[in-house]
Amino acid sequence: MSAQAADVHAGSVEAALRSLPVRAARLRDGTLAMGWAELRKLRHDHLDIFTRSVQPLLWLFIFGTALRHNQALAGGSSDYRAYLAPGVMAQAALFVAIFFGLGVIWERDVGQLQRLLATPLPRLGIVLGKATGATIRALAQAVVLLAVIAVTGISIRWSVQGVVGAVVLLLLGTAAFACLSMILASLVRTRERFMGIGQLVVMPIFFASSALYPLALMPAWLRAVAHANPLTYEVHGMRQLLLGISTGGTLWVDFAVAIVFLVAMAVIAAKTYPRAIL
Amino acid sequence: MTALARVEELERVVEVEALVVRFGEVEAVAGISFEVGAGEVFGLLGPNGAGKTTTIRVLTTLLRPAEGSAFVAGHDVVRDGLAVRQSIGYVPQAISIDGALTAHENLEFYGRATGVPRRDRRERIEEAVEAMQLASFLDRLGRTLSGGMLRRLEIATALLKQPVVLFLDEPTVGLDPTARRLVWERLELLREEAGTTVLVTTHQMEEAERQCDRIAVMDRGRIATLGTPLELRSRHGVAALEDVFTEVTGGRLEEGGSFRDVRASRRRSRRLG
């Protein structure tokens, strides 16, 4: 075969692999493969879910109980614990997601990342698959929390539509924050530094949102920050779906923010992820 | 024509021409050229920091070269990266097995990740298990396996796609002699039975002499000498390949390898231990 013919053939193979239907199928298969691996890992370490569920339960039953009858904090609900529940659910998922990037640094150090990047898996598929791992953990935590809320009689609206909608919003937010974590992980060299940056990022996201208290209680500057914080929209939507409480804004805006945030973070993470090996 | 049939027509499966890779001011690979023929076992030797791993990273599309060109299985590593990744198997220096999955799950995952069709996956996994003798530890978690088991499992995961070229970066580093011998025995069989082209980097001179058809000794980003083990010994007028290595690298103390490399290498040795 002549060099020119070989070149044309090589180009056509690449072109076929990059056609839209093939790319879509590869993205689907890649995400499923990564998600499958994350699910299997969780099966080998299911205790992880229960240990991670302790912290949000402490928030709900110690912090929430201490301020249970504070009407200003309860934002229209009769029990602050009910108001707090969606915020704590989102907070627990946020903590899982934001430290998910630690795994990227570990994978780089042990060689898994180089190996993954040399497979035909699409970068976006790797990122979305990894984010699926975070959402699976968030989902398991949410199920534990909802079960405890049901058993302890904390008053939320138990409609199928509301619970499913809130969980979907929670998973979208978790996936987006997991992608943000992967972006951070691809920019730092060591696990120690990542932990420091993770703390630096997670605390403002958590406290400058409506997870713990209504936006109305915040000074104007902090409210402006909270309005730029995707967690605020996630919690707002979940509260609307689980409690029927709204502090302005509509549900579709909450979903739109979550989707746009996820798409943006996933696309950026897919670009920065390979940098982690350099 | 299928990709594999086309590759069988290729005489040279890897073609590298005037390849340059720079990290800032440092020229890690300084204009190397070589070719690897179909079915050949080609060894890249050299001290730490010679540019072996960087070269492999370019050939596996993990790094973009600053200058020059490289083709793998007839595909340009820069322009047709995806087609290259479809054609290769790669086992990096560090342990790439997921310790939180069992050996079988690792095989299943890489079968999926490399796009092995579902209908063929079980059969391919069985073949790889047989080829690398993994049956006795398929249900054990990766983190509980010995060094030799891990390396064999890694090579097995890289074979599922039936790659045109297998890139092995220091496949026997940190292994005891028995585990090393077993890994090489399996690779020899693979080559005899499937005719897989292998590009391997190693520090082990005796292994390179025994296993490689041709060897390139790299030093400071350049290929210092290249040929069959016999050619190299006779060209440099020495009795052993180790003496060729000492002669072309100047026998100086190794300078390459950053703190991170050394730490990773020691951690790897502990894990393989």
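## The nonpolar core

The largest nonpolar core of this predicted model has 153 residues, and those with the most contacts inside it are Met89(A), Leu170(A), Ala176(A), Cys179(A), Val72(B) and Val165(B). Helix 9 of chain A, which covers residues 160–187, gives the most to this core, with 16 residues.

Met89(A), one of the residues with the most contacts inside the core, can be followed through its partners beyond four places in sequence, which are Pro56(A), Ala142(A), Leu145(A), Leu170(A) and Met238(A). Leu170(A), itself listed with Met89(A) among the residues with the most contacts inside the core, is thus one of the residues in contact with Met89(A).

## A helix pair between chains A and B

Helix 2 of chain A (residues 20–44) and helix 4 of chain B (residues 103–113) have axes that come within 9 Å and cross at roughly 165°. Because angles over 145 degrees count as roughly antiparallel, helix 2 of chain A is roughly antiparallel to helix 4 of chain B. The crossing of these two helices is left-handed.

On the side of chain A, the contact is made by Asp29(A), Ala33(A), Trp36(A), Ala37(A) and Arg40(A) of helix 2, while helix 4 of chain B contributes Glu105(B), Phe109(B), Arg112(B) and Ala113(B). Sorted by class, the residues of this contact comprise 5 nonpolar and 4 charged, with no polar residues. An α-helix has 3.6 residues a turn, so residues three or four places apart point the same way.

## A helix pair within chain B

A second pairing joins helix 6 (residues 147–159) and helix 7 (residues 177–194) of chain B, whose axes come within 9 Å and cross at roughly 20°. Helix 6 of chain B and helix 7 of chain B are therefore roughly parallel to each other, and their crossing is right-handed.

From helix 6 of chain B, Gly147(B), Gly148(B), Arg151(B), Arg152(B) and Ile155(B) meet Ala179(B), Leu182(B), Val183(B) and Arg186(B) in helix 7 of chain B. The residues of this contact divide into 4 nonpolar, 2 polar and 3 charged.

## Chain B and its covered helix

Chain B has 11 helices and 10 strands, and 49% of its 273 residues count as buried. When contacts in chain B between residues at least 6 apart in sequence are considered, 69% join residues at least 24 apart.

Helix 2 of chain B (residues 52–59) is mostly covered, with 8 of its 8 residues buried. These buried residues are Lys52(B), Thr53(B), Thr54(B), Thr55(B), Ile56(B), Arg57(B), Val58(B) and Leu59(B). Helix 2 of chain B is followed by Thr61(B), whose phi is positive, near 70°.

## Positive phi outside glycine

Ala18(B), which is found in strand 1 (residues 12–23) of chain B, has a phi near 50°, a positive value in a residue other than glycine. Ala18(B) counts as partly exposed because it has 13 C-beta neighbours inside 10 Å.

Arg220(B) likewise has a positive phi, of about 50°, although it is not a glycine, and is found in the loop between strand 9 (214–219) and strand 10 (222–227) of chain B. With 18 C-beta neighbours inside 10 Å, Arg220(B) counts as partly exposed.

## The surroundings of Leu73(A)

Leu73(A) is found in helix 4 (residues 71–74) of chain A and is partly exposed, with 17 other C-beta atoms within 10 Å. Leaving aside neighbours within four places in sequence, Leu73(A) is in contact with Leu67(A), Tyr80(A) and Tyr213(A). Leu73(A) and Ala150(A), by C-alpha to C-alpha distance, are 22 Å apart in space and 77 residues apart in sequence.

Note on methods
Residues numbered from 1 in each chain as written. Chains lettered and ligands numbered in written order. Predicted model: local features only at pLDDT ≥ 70, side-chain atom pairs only at ≥ 80, totals over all residues. Axes fitted to C-alpha atoms, helices over the stretch in contact; angles between N-to-C directions. Helix = DSSP H or I, 4+ residues; strand = E, 2+ residues; numbered from the N terminus. Parallel < 35°, antiparallel > 145°, perpendicular 65-115°, else oblique. Left-handed = near helix turned anticlockwise from the far one by under 90°. Contact = placed C-beta atoms within 7 Å. Nonpolar A, V, L, I, M, F, W, Y, C, P; charged D, E, K, R; others polar. Core = buried A, V, L, I, M, F, W, Y, C linked by C-beta atoms within 7 Å. Buried ≥ 20, exposed ≤ 12 C-beta atoms within 10 Å, placed from the backbone.
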